[in-house]
Amino acid sequence: MADDYLVRIGKLIRDARQHRGWTQTQLAEALGTSQSAVNRIERGNQNISLEMIARIGEALDSEIVSLGYAGPMHLRVVGGRRLSGSIDVKTSKNACVALLCATLLNKGRTVLRRVARIEEVYRLLEVLGSIGVRTRWINGGVDLEIVPPADLDLDTIDAEAARRTRSIIMFLGPLLHRLDHFKLPYAGGCDLGTRTIEPHMIALRRFGLEIAATEGLYHAQVNRSVSPGRPIVLTERGDTVTENALLAAARHDGVTIIRNASSNYMVQDLCFFLEALGVRVEGIGTTTLTVHGMPTIDVDVDYSPSEDPVEAMSLLAAAVVTESELTVRRVPIEFLEIELAVLEEMGLDHDRTPEYFADNGRTRLVDLTVRPSKLEAPIDKIHPMPFPGLNIDNVPFFAAIAASAQGKTLIHDWVYDNRAIYLTDLNRLGGRLQLLDPHRVLVEGPTRWRAAEMMCPPALRPAVVVLLAMMAAEGTSVLRNVYVINRGYEDLAERLNTVGAQIEIFRDI
């Protein structure tokens with residue numbers, strides 16, 4: 001057992017040294033020892049102290065060993081491989097988290113089909129469980145059953161789990177109908193700069209909700225005498241803002257009109273779910289929603305969230321950057337039409353099947369086949385817009401795609417304060433990206449990707465973009481601490497391996 005442990009440590013040290021591009025002699029010089037000693041260590045034939053392991057890790061700028069806890073998950077990527085075959089798109093991460101929050105509206109049993117098994121969902125399940133909601137995976141772990149208690153206990157909320165997800169902000173809409181006062185931890189999630197909850201409050205104050213933020217908590221107080229007598233105009237056409245307003249309106253005894261509403265995919269899925277609860281919603285897919293609320297909702301409901309257009313874009317981008325022919329199945333085409341129009345302008349060779357319906361009976365799907373293409377930079381800049389424009393979360397994937405195209409592409413990510421900065425991590429893999437300001441980056445292609453070892457960016461989509469570039473780079477790359485990817489993608493590495501990628505999951509000893 002001891003010998004096996006030394007072999008495992010030796011392999012980690014060898015891999016870290018090779019990823020740094022050092023020879024055994026160079027590492028020996030940094031440590032003040034001999035090349036033969038380093039050789040014995042890497043072969044597992046040398047006893048090694050924790051002090052020496054720490055010195056090696058410091059010399060190689062690599063955390064070789066984590067002690068006392070299960071270390072973070074990393075990915076080792078052998079790049080330069082072509083993908084082939086077909087891969088299915090999973091259900092929407094953003095829809096699933098909104099629907100989990102929406103189950104707080106219902107006194108009855110809710111079953112959500114094919115829920116994405118991702119860290120963001122796990123955090124919300126931990127929070128729901130801590131306040132008394134019973135949840136369990138059923139049907140072989142594919143579907144999720146949610147049964148709320150008669151009374152919620154917010155005093156026992158799992159604050160640590162709540163702070164690791166921004167989705168906790170969507171508890172405000174349902175809870176204001178169940179409790180006169182309550183506390184919630186500050187919302188967390190991706191590191192995307194300062195994001196205020198004021199647009200949420202402008203909408204929710206119309207239902208009597210007031211918030212005081214102190215000591216890491218939102219202190220909520222509800223005035224039952226207040227109700228929206230005129231249309232609510234959202235100051236931001238945001239997805240979670242619209243969802244919070246919908247959740248508040250669903251149990252308001254009356255008709256609520258929401259203007260400047262998002263009509264994005266997760267909002268539509270939430271509207272379909274509310275209809276399954278018995279709440280009538282007019283204007284789905286438009287910027288004006290009329291909600292006929294019900295003061296009490298007590299039904300057993302079974303609902304299937306639709307597929308994730310951002311994951312679909314991720315998989316399309318994987319095919320593009322690796323110059324592969326790949327079929328991506330169950331693509332929600334309504335929410336990718338602008339992206340595909342831009343890609344067609346750039347020269348993408350692809351075709352699609354006739355449309356068919358998702359399991360919710362409402363969302364239109366197609367299967368897309370992407371082929372290796374000679375891409376040219378688009379004439380206009382890439383920038384997001386509210387649906388039906390180019391999706392905000394799909395913008396980062398165009399950084400990797402543009403890096404594969406001939407010419408210069410301007411990407412303007414105006415929504416988030418610093419997400420564009422994380423895209424410049426592609427430069428460590430051979431990209432040529434110039435940051436013009438915190439929101440704009442100029443990408444020059446084509447790129448000869450090269451392998452590297454690096455930490456995962458702290459934002460979900462840029463992290464996946466780095467992974468895709470590693471898949472295109474000849475040689476072996478390491479992406480460290482990929483928790484942020486697991487927040488939004490279910491078994492992404494394993495699924496990419498089924499279509500030809502070579503990605504190994506590992507942890508430090």
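This passage looks at one strand, one helix, and the pockets and cavities of the model. The structure is a predicted model, in which local features need pLDDT of at least 70, side-chain atom pairs count only at pLDDT 80 or more, and totals for chains, interfaces and linings use all residues. Residues are numbered from 1 along each chain as its sequence is written, and side-chain values use heavy atoms, with hydrogens and water left out.

Strand E1 covers residues 73-79 (strands, E, at least two residues, and helices, H or I, at least four, are DSSP runs numbered from the N terminus). Five of its seven residues are buried, so E1 is largely enclosed by the rest of the structure; buried here means under 20% relative accessible area with a 1.4 Å probe, protein chains only. E1 pairs with two strands (pairing takes at least two DSSP bridges). With E23 (residues 502-507) the pairing is antiparallel over six bridges, and His 74 has Phe 506 as its bridge partner there. With E22 (residues 475-480) E1 also runs antiparallel, joined by five bridges, and Val 77 is matched to Ser 477.

Helix H10 (residues 239-250) behaves as expected on length: its end C-alpha atoms are 16 Å apart, which agrees with the 16 Å that its twelve residues should span at 1.5 Å a residue (the expected span being 1.5 Å times one less than the number of residues). H10 is mostly covered, with ten of its twelve residues buried, among them Val 241, Glu 243 and Leu 246. Those buried residues pack against helices H5, H8, H9 and H11 as well as strands E10 and E12, contact being heavy atoms within 4.5 Å.

Open and closed spaces were mapped on a 1 Å grid over the protein atoms alone: a cavity is a set of points where a 1.4 Å probe fits but cannot get out, a pocket is an open set with protein on both sides within 12 Å along at least five of seven lines, and lining residues have an atom within 4 Å of a point. The second largest pocket has a volume of about 490 Å³. Of its 25 lining residues, the closest to the centre are Val 321, Glu 323, Ser 404, Thr 447 and Trp 449. Helices H12 (309-321) and H16 (460-472) each supply at least two lining residues.

By the same rule there are two cavities of 30 Å³ or more. The largest cavity holds about 40 Å³ of space, and its lining includes Tyr 265, Asp 269, Glu 307 and Phe 335. H11 gives the largest share of that lining, four residues.

Terms used. Grid points are joined across faces, edges and corners, and a volume is the space filled by probe spheres set on the points. Buried means under 20% relative accessible area, exposed over 50%, partly exposed in between (1.4 Å probe, protein chains only).
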